[in-house]
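Visitor: I am new to this structure and should be grateful for a close look at a single part of it. Please take the sheet and the charged side chains associated with it.

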Amino acid sequence: RSDLVVTFDAIHDQARPEQVVEAIFAALKPGGHWLCADIAASSHLGENLDHPMGAFFYTVSCMHCMSVSLAYDGPGLGAMWGVQQAKALFSAAGFEEIAVHALPDDPVNNYYVSRRPEEPGR
């Protein structure tokens, strides 16, 4: 198993994102971390109205991200799936300490740092 897994703008495109996140969890050693860069957005449309690239991201989401997932009977998260859905998905897979970081010069991505818990008794 690994101490660190890194993904860049990939989870929202997956046909089965929950399975991918579960596989990342399984690939990590207890106490290992996952760095996931993904679109900086809210899961709620109204909170994205002032997003500097919101219209573009929603367009790309409809034309590519959601289409790829839906073509394989996936949930169609899309590019604007948002921080709320991301944290819920990561938590459901077993991750703890899900921190969301934004970089001041990057309006595109949030950087999620999630930790696989230590095994009990260690």
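Guide: What follows describes the sheet, the helices that pack on it, and then two arginine residues.

The model is a predicted one. Its open sheet has four strands in the order 1-2-4-3, and their pairing is mixed. Strand 1 (2-8) and strand 3 (96-102) form the edges; each has a single partner strand, so one side of each lacks a neighbour in the sheet. On average, and with direction ignored, neighbouring strands are turned by 15° against each other.

Within this sheet, strand 2 (residues 28-39) and strand 4 (residues 109-115) are paired in the antiparallel sense, with seven bridges between them. Cys36, for example, has Tyr112 of strand 4 as its bridge partner. Helix 3 (residues 82-92) packs on the sheet, where it touches strand 2, strand 3 and strand 4. The direction of helix 3 makes about 20° with that of strand 4. Helix 1 (residues 17-27), for its part, lies across strand 1 and strand 2 and runs at about 145° to strand 2.

We now turn to the charged side chains. Side chains of opposite charge can pair when their charged atoms come close. Arg115 counts as buried because its relative accessibility is 14%, and buried here means under 20%. The side chain of Arg115 meets that of Glu96 in a salt bridge, at 3.4 Å from N to O. This pair links distant parts of the chain, since Arg115 belongs to strand 4 and Glu96 to strand 3, 19 residues apart. Glu96 itself is partly exposed, at 36% relative accessibility.

A salt bridge also joins Arg115 to Glu97, again at 3.4 Å from N to O. Glu97 lies in strand 3 and Arg115 in strand 4, so this pair ties together parts that are 18 residues apart in sequence. With a relative accessibility of 53%, Glu97 counts as exposed. Arg115 forms a salt bridge with Glu118 as well, the closest N and O atoms being 3.7 Å apart. Glu118 is partly exposed, with a relative accessible area of 44%. Through shared partners, these salt bridges join Glu96, Glu97, Arg115 and Glu118 into one network.

Arg116 lies in the segment after strand 4. Arg116 is buried yet has no salt bridge. The nearest side chain of opposite charge, that of Glu119, is 5.1 Å away, whereas a salt bridge needs the atoms to be within 4 Å. The side chain of Arg116 does reach the backbone oxygen of Leu28, at 3.2 Å. Among the residues that Arg116 touches are Arg1, Phe25, Pro30 and Phe95.

Conventions: Residues are numbered from 1 along each chain as its sequence is written. This is a predicted model: local features need pLDDT of at least 70, side-chain atom pairs count only at pLDDT 80 or more; totals for chains, interfaces and linings use all residues. Side-chain values use heavy atoms; hydrogens and water are left out. Two strands pair if DSSP finds at least two bridges between them. Helices (H or I, at least four residues) and strands (E, at least two) are DSSP runs, numbered from the N terminus. Axes are lines fitted to C-alpha atoms, for helices over the stretch in contact, and angles run from 0 to 180 degrees between N-to-C directions. Contact means heavy atoms within 4.5 Å. Buried means under 20% relative accessible area, exposed over 50%, partly exposed in between (1.4 Å probe, protein chains only). Lys and Arg count as positive and Asp and Glu as negative; His and the chain ends are not counted. A polar contact is a pair of N or O atoms within 3.5 Å; within protein, one must be able to donate a hydrogen and the other to accept it, and residues adjacent in sequence count only if both atoms are side-chain atoms. Lists of a residue's contacts leave out its neighbours within four places in sequence.
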